[in-house]
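Biologist: I am new to this structure and would like some help reading it. Could we go through it together, feature by feature?

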Amino acid sequence: MNGVILCLLGISIGALTVASAWPQRRKLDEKELELAQILEQERKVIAEKEDHQAALDAMRDDQEYLELHAVDRLNLYRPGTTVYRIERQR
């Protein structure tokens with residue numbers, strides 16, 4: 001009889017341990033998901049920063065890129081050149 005009581009006591013202590021750890025595990029899962037989302041946002045920001053830095057470096061160092069950017073964005077072009085633009089219908 002003592003063995004059965006001891007076994008039930010062990011099972012109940014184990015169940016209490018699992019039950020008390022369950023909310024903490026759920027919080028841990030939520031924090032891990034939040035961390036993954038933040039890391040993804042960070043990756044996107046870093047990639048965007050690298051793209052902007054590459055464009056800035058190209059404008060400083062590459063004359064052809066600078067001219068292309070001036071024609072495309074600023075509507076500037078050299079005299080005697082013909083610029084063709086295709087506009088989207090709205």
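Modeller: We will go through the helices, then the salt bridges, then a few features of the surface and the helix ends. Please keep in mind that this is a predicted model.

Biologist: Let us begin with the helices. Which residues make up helix α1, and how does the span between its end C-alpha atoms compare with what its 60 residues should give?

Modeller: Helix α1 covers residues 2-61. The general idea is to multiply out a rise of 1.5 Å a residue, so the 60 residues of α1 should span 88 Å, and the 86 Å between its end C-alpha atoms agrees with that.

Biologist: Where does α1 have a kink?

Modeller: Look at Trp22, where α1 has a kink of about 30°. The proline Pro23 follows shortly after that point.

Biologist: And what does the same span check give for α2?

Modeller: Helix α2 has 12 residues, for which 16 Å would be expected at 1.5 Å a residue. From its first C-alpha to its last, α2 reaches 15 Å, close to that value.

Biologist: Now the salt bridges. How many are there, and how should I recognise one?

Modeller: Look for a side-chain nitrogen of Lys or Arg within 4 Å of a carboxyl oxygen of Asp or Glu. By this rule there are five salt bridges. One of them joins the side chains of Asp29 and Arg25, at 3.6 Å from N to O.

Biologist: How far apart in sequence are Asp29 and Arg25?

Modeller: They are four residues apart, about one turn of helix α1. Here the general idea helps: an α-helix has 3.6 residues a turn, so residues three or four places apart point the same way. As for exposure, Asp29 is partly exposed at 37% relative accessible area, and Arg25 is also partly exposed, at 46%.

Biologist: Which residue forms a salt bridge with Lys31?

Modeller: Its partner is Glu34, with the closest N and O atoms 3.9 Å apart. Lys31 and Glu34 are three residues apart in helix α1, so about one helical turn separates them. Lys31 is exposed, with a relative accessible area of 54%, whereas Glu34 is partly exposed at 39%.

Biologist: What do the side chains of Arg78 and Glu67 form?

Modeller: They meet in a salt bridge, at 2.5 Å from N to O. Arg78 lies in the segment after α2 and Glu67 in helix α2 itself, so this pair ties together parts that are 11 residues apart in sequence. Arg78 is exposed at 51%, while Glu67 is partly exposed at 31%.

Biologist: Let us turn to the surface. Which residues form the nonpolar patch?

Modeller: The patch consists of Met1, Val4, Ile5, Leu8 and Ile11, which together have about 570 Å² of accessible area. Met1 is in the segment before α1 and is exposed, with 76% relative accessibility.

Biologist: Is His52 buried or exposed?

Modeller: His52 is exposed, at 52% relative accessibility, and its place is in helix α1. Its C-alpha atom is separated by 41 Å from that of Arg25, 27 residues apart along the chain.

Biologist: To finish, which residue caps the N-terminal end of α2, and what should I look for just after α2?

Modeller: Asp62 is the cap: one of its side-chain oxygens lies 3.3 Å from the backbone nitrogen of Glu64. Just after α2, look for Asn75, which takes a positive phi of about 60°.

Key:
Residues numbered from 1 in each chain as written. Predicted model: local features only at pLDDT ≥ 70, side-chain atom pairs only at ≥ 80, totals over all residues. Heavy atoms only, no water. Helix = DSSP H or I, 4+ residues; strand = E, 2+ residues; numbered from the N terminus. Buried < 20%, exposed > 50% of the residue type's maximum accessible area, 1.4 Å probe, protein only. Expected span 1.5 Å × (residues − 1). Bend = angle between axes of the 7 residues up to and from the residue. Patch = residues over 30% accessible without salt bridge, like charges linked within 9 Å, V, L, I, M, F, W, Y side chains within 5 Å. Areas by Shrake-Rupley, 256 points an atom, 1.4 Å probe, with all protein chains shown as cover. Polar contact = N/O pair within 3.5 Å; in protein donor to acceptor, adjacent residues only side chain to side chain.
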